[in-house]
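Reader: I am new to protein structures and keep meeting labels such as "buried" or "salt bridge". Could you show me how such labels are earned?

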Amino acid sequence: MSIENRHLRTLWLTALCIVAFPFTVTAAGNQPNIIVLFADDLGYGELGCQGNEEIPTPHIDKIAADGVRFTSGYVAGPNCSTYRAGLLTGRASTRFGYEINHTGALNEDPAFGLPTSEVTIAESLQDAGYTTGLIGKWHQGGTAKYHPFRHGFDEFFGFTHEGHYFVPPPYTGVTTMLRRKTLPGGGKGRWAGEKGLIYTTHMGSAEPDYDANNPIVRGGQPVEEIEYLTNALTREAVDFIDRHDDKPFFLYLSYNAVHSPLQ
């Protein structure tokens, strides 16, 4: 699919680990379609367009070359959840008391989540006649009160907690590196097995229980997803665009890559 072929006018925006992808004028109502591509835990220096010669990132480099680059951007918070809250609301999360990056079981704490009193970009665009979709990581509350549907999104495919395995156990077809407290046989450092599994003790803790009570869902119902998660999210994004390209839409494509686990 060539997105560019549909565009009458295209603007590009890149800011640190966020790429706001194209704004296009639609035939009906002159309202631009908006796609936000979000890369999780991506350092600004890890891209070819930022001078990195070790990691090839040709598609992101092309967006940077063809568009407008903002090279003095700053995040709204120092970790996953608070930063996303700032992106979605346009406000520093400290202003509405959202300062903790909840992980693990705390995602299911009914007190944790993006306050429903805050207005998101999805809600504003929905009120303006847009069809809105979130694909990927949410991390703004894992209970019903904070579901993406209750923050302005018409469609949701992804997960609600802070991370997720890219391929579920038994990790078929991928090399997987997991953090552990102790290596097989004892000791510290790095251990590489013969079946695609690598252990490392460099952080002194085990890998978080990313998938516990954190299924991939479509809307609100769990689904079985066996495709590598980055590819699955991209598949769903292309499908969303294909189904809604006859009207103004807003798509928040929130990848969990390159966030751990490393697979």
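Reader: What makes R91 and E118 a salt bridge?
Author: Keep in mind that this is a predicted model. The closest N and O atoms of R91 and E118 are 2.8 Å apart. The label asks for a side-chain nitrogen of Lys or Arg within 4 Å of a carboxyl oxygen of Asp or Glu, so this pair earns it. Both residues lie in the loop between helix 2 and helix 3, so the pair ties together parts that are 27 residues apart in sequence.

Reader: Why is E118 called buried and R91 partly exposed?
Author: Buried means under 20% relative accessible area, and E118 has 10%, so E118 counts as buried. R91 has 33%, which falls between 20% and 50%, so R91 counts as partly exposed.

Reader: How many salt bridges are there in the whole structure?
Author: A search finds twelve. One of the others joins the side chains of E236 and R235, at 2.8 Å from N to O. E236 is at 8% relative accessibility, so E236 is buried, while R235 is at 33% and therefore partly exposed.

Reader: And how far apart are the closest N and O atoms of R243 and D239?
Author: They are 2.7 Å apart, and the pair forms a salt bridge. R243 and D239 both lie in helix 4, four residues apart, about one turn of the helix. There is also a network: salt bridges that share partners join R218, E225, E227, R235 and E236.

Reader: How do you know that the span of helix 4 is close to what is expected?
Author: Helix 4 covers residues 229–244 and has 16 residues. From its first C-alpha to its last it reaches 23 Å, and the value expected at 1.5 Å a residue is 22 Å. Its buried residues include L229, L233, F240 and H244. Among the elements covering the buried residues of helix 4 are strand 3, strand 5 and strand 12.

Reader: Why is strand 12 described as largely enclosed?
Author: Six of the six residues of this strand, 249–254, are buried, so strand 12 is largely enclosed by the rest of the structure. F249, L251 and L253 point one way, F250, Y252 and S254 point the other way, and all are buried.

Reader: What makes strand 3 and strand 12 a pair?
Author: Five bridges join strand 3 to strand 12, and the two run parallel. Pairing needs at least two bridges, so they qualify. The bridge partner of V36 in strand 12 is Y252. Strand 5 also pairs with strand 12 in the parallel sense, over six bridges, and T132 stands opposite F250 there.

Reader: Why are strand 7 and strand 8 called edge strands?
Author: Three strands form an open sheet in the order 7-9-8, with mixed pairing. Strand 7 and strand 8 each pair on one side only, which is what the label reports. The twist averages 20° from one strand to the next.

Reader: Which residues have the most contacts inside the largest nonpolar core?
Author: That core has 20 residues, and those with the most contacts inside it are L88, L134, W138, F153, F250 and Y252. Strand 3, helix 2, helix 3 and strand 12 each supply at least two residues of this core. A second, separate core of 18 residues includes F157, A232, L233 and L253.

Reader: Last one: is S93 buried or exposed?
Author: S93 is at 2% relative accessibility, under the 20% cut-off, so S93 counts as buried. S93 lies in the loop between helix 2 and helix 3, and its contacts include A76 and Y98.

Terms used
Residues numbered from 1 in each chain as written. Predicted model: local features only at pLDDT ≥ 70, side-chain atom pairs only at ≥ 80, totals over all residues. Heavy atoms only, no water. Buried < 20%, exposed > 50% of the residue type's maximum accessible area, 1.4 Å probe, protein only. Expected span 1.5 Å × (residues − 1). Contact = heavy atoms within 4.5 Å. Axes fitted to C-alpha atoms, helices over the stretch in contact; angles between N-to-C directions. Core = buried A, V, L, I, M, F, W, Y, C linked by side-chain atoms within 4.5 Å. Lists of a residue's contacts leave out its neighbours within four places in sequence.
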